[in-house]
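Student: Please show the model, and then let us discuss its interior by question and answer.

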Amino acid sequence: MSATTTAPPGRAGELLAALGDRAVLHGMYDDYGSSVYHHLATQGDHEVRELLGLIRQLPGPVLDLAAGSGRLTMPFLALDREVTALELSPSMLGLLTERLATGPAALRERCTVVQGDMSDFSLEQRFATVVLGTTSVSLLDEAGRPGLYRCVREHLAEGGRFLLSTVEMDAARSSDIEAELTVPTGAATYRMYEYWAPGDAARTVTVFPDGFDVTSEQVVHVCTTTIGVLSANQLEAELAGAGFAVRARHPLPMAGARHPSVLLEAEAAA
């Protein structure tokens, strides 16, 4: 198996082993994986409506952290707000730039695209709202999250809000889940596998193209990523230690078979 990252556990790992050298394993945010992630991210509007409802109550510019290819950036711009989209992956930023190029000029002019690390950034602006959606806080480890909280505090305007989402994993569900995912255009279908054993600090998500044959000679490109498991209680405690007060928890629609999601609304403590 050709690989650029560690092979995943569970059923996904078994399939990769069966494919052997015909499998090419990618990170979810490299040049190949970014395109797959972008296709999958366009499937639904999970948490978008809830975020827009809160942002409407907070006039002023928006900072979209870990913006990716613009899943949230584009709806935020549609609110007629100035939006700064910060993303570490050059591939993701390229996809976002392409999306902006096809939109109205007025929309492009309100968007500032920045390549940067959400755990260590410095911008010459403060924001009414800082958003870290799509449970992306789970991509940071214990060493990275304090830097995130510090940077957010430094960039929040007075009375501003920090909005971040997380997943509450359901220990009663199976530890090895398979799902079929089709992009809206119908141009591609994927098989997604998620492995998480109750008590594990992280879950592993692996995406295969649907319809591949383990007995053929065809090369199969597979994407994988490891995502930390952070409960809302743990995040709220970390935020309190970093000088934030959580004003509210907003329940979100289920994002998957065992993914009760929560949106935390926090502000800098007095």
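Tutor: Ala, Val, Leu, Ile, Met, Phe, Trp, Tyr, Cys and Pro count as nonpolar, Asp, Glu, Lys and Arg as charged, and the others, Gly among them, as polar. The model is a predicted one, in which local features need pLDDT of at least 70 and side-chain atom pairs count only at pLDDT 80 or more, while totals for chains, interfaces and linings use all residues. Residues are numbered from 1 along each chain as its sequence is written, and side-chain values use heavy atoms, with hydrogens and water left out.

Student: How do the residues of the lining of the largest cavity divide into nonpolar, polar and charged?

Tutor: A cavity is a set of points on a 1 Å grid over the protein atoms alone where a 1.4 Å probe fits but cannot get out, and lining residues have an atom within 4 Å of a point. The lining here comprises T135, S138, T166, V167, M169, R203, G228, V229 and L230. By class, the residues are four nonpolar, four polar and one charged.

Student: Which element supplies the largest share of the lining of the second largest cavity?

Tutor: Helices (H or I, at least four residues) and strands (E, at least two) are DSSP runs, numbered from the N terminus. The lining includes P8, P9, Y193, E194 and Y195. At least two residues each come from α1 (10-19), β9 (189-195) and β10 (202-209). The largest share, three residues, is that of β9.

Student: Where around the axis of α1 do its buried residues lie?

Tutor: Buried means under 20% relative accessible area with a 1.4 Å probe and protein chains only, and in α1 this applies to A12, G13, L15, L16 and L19. Because they cover an arc of only 160 degrees around the axis, taken from the directions from the helix axis to the C-beta atoms, they lie on the same side of α1.

Student: What covers the buried residues of α1?

Tutor: Contact means heavy atoms within 4.5 Å. The cover includes β2 (23-27), β11 (220-228), β10 and β9.

Student: Which element gives the most residues to the largest nonpolar core?

Tutor: A nonpolar core is a set of buried Ala, Val, Leu, Ile, Met, Phe, Trp, Tyr and Cys residues joined through side-chain atoms within 4.5 Å. Of the 25 residues in the largest one, L65, L148 and F162 touch the most other members. Elements giving two or more residues include β3 (62-65), β7 (156-167) and α7 (145-155). The most, four residues, come from α7.

Key. 1 Å grid on protein atoms, 1.4 Å probe; cavity = no way out; pocket = protein on both sides within 12 Å on 5 of 7 lines; lining within 4 Å. Buried < 20%, exposed > 50% of the residue type's maximum accessible area, 1.4 Å probe, protein only.
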